[in-house]
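Here is a short, friendly tour to read alongside the sequence and the model. Please keep both in view as you go.

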Amino acid sequence: MENEVNKKHIPGDGLRSLRSTSLFRAINFELYVKPNKIIMAFGLIAMAGASGYIIYMRSKYEKMGYYTAVESDGTESFKKRASKWDL
């Protein structure tokens, strides 16, 4: 017990060096585990892929002549651009 009290905390230890309850550690699990670079890379690739797909689909609709319109109830929809000269 005395060893824990006199233990020097070095920079970079973070929350692992502090005393905490097991409930706090269970709820905040990601604060106590070491980062997994493979999972982090997979997550970054998945997020970039999803964002890229959304940007691609949005630009595809804009090139076809659609635009984003906000309806009176607050929802967004794609509408085809129409000229006032077209009847």
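Y67 sits in strand β1. Is Y67 exposed, partly exposed or buried? With a relative accessible area of 31%, Y67 is partly exposed, because that class lies between the 20% limit for buried and the 50% limit for exposed. Leaving aside residues up to four places away in sequence, Y67 is in contact with S77, F78, K79, K80 and R81. The last of these, R81, is 14 residues from Y67 in sequence, while their C-alpha atoms lie 6.8 Å apart. Please bear in mind that all of this comes from a predicted model.

The pairing of the strands is a good next stop. β1 and β2 run in the antiparallel sense and are joined over five bridges. Within this pair, T68 is placed opposite F78 of β2. Which kind of unit do β1 and β2 form? They make a hairpin, with five residues between the two strands. In its turn, G74 has a positive phi of about 100°.

Turning to helix α3, we meet I54. I54 has a relative accessibility of 57% and therefore counts as exposed, the cut-off being over 50%. Which residues make the nonpolar surface patch of about 380 Å²? I54 shares that patch with Y53 and Y56.

The table sets out four elements with their residue ranges.

| Element | Residues |
|---|---|
| Helix α1 | residues 2-6 |
| Helix α3 | residues 37-63 |
| Strand β1 | residues 66-70 |
| Strand β2 | residues 76-80 |

Stepping back to the whole chain, you will find three helices and two strands, in the order α-α-α-β-β from the N terminus. The chain has 87 residues, and 6% of them count as buried. Its accessible surface comes to about 8500 Å², with 63% of that area belonging to carbon and sulfur atoms. Looking at contacts between residues at least 6 apart in sequence, 0% join residues at least 24 apart.

How far does the predictor's confidence reach? The mean pLDDT of the chain is 80, and 77% of the residues reach 70 or more. Which element has the lowest mean pLDDT, and which the highest? Helix α1 has the lowest, at 54, and helix α3 the highest, at 93. Where pLDDT is low, the predicted coordinates should not be read in detail.

Technical notes
Residues numbered from 1 in each chain as written. Predicted model: local features only at pLDDT ≥ 70, side-chain atom pairs only at ≥ 80, totals over all residues. Heavy atoms only, no water. pLDDT = per-residue confidence, 0-100. Helix = DSSP H or I, 4+ residues; strand = E, 2+ residues; numbered from the N terminus. Pairing = 2+ DSSP bridges. Patch = residues over 30% accessible without salt bridge, like charges linked within 9 Å, V, L, I, M, F, W, Y side chains within 5 Å. Areas by Shrake-Rupley, 256 points an atom, 1.4 Å probe, with all protein chains shown as cover. Salt bridge = Lys/Arg side-chain N within 4 Å of Asp/Glu carboxyl O. Buried < 20%, exposed > 50% of the residue type's maximum accessible area, 1.4 Å probe, protein only. Contact = heavy atoms within 4.5 Å.
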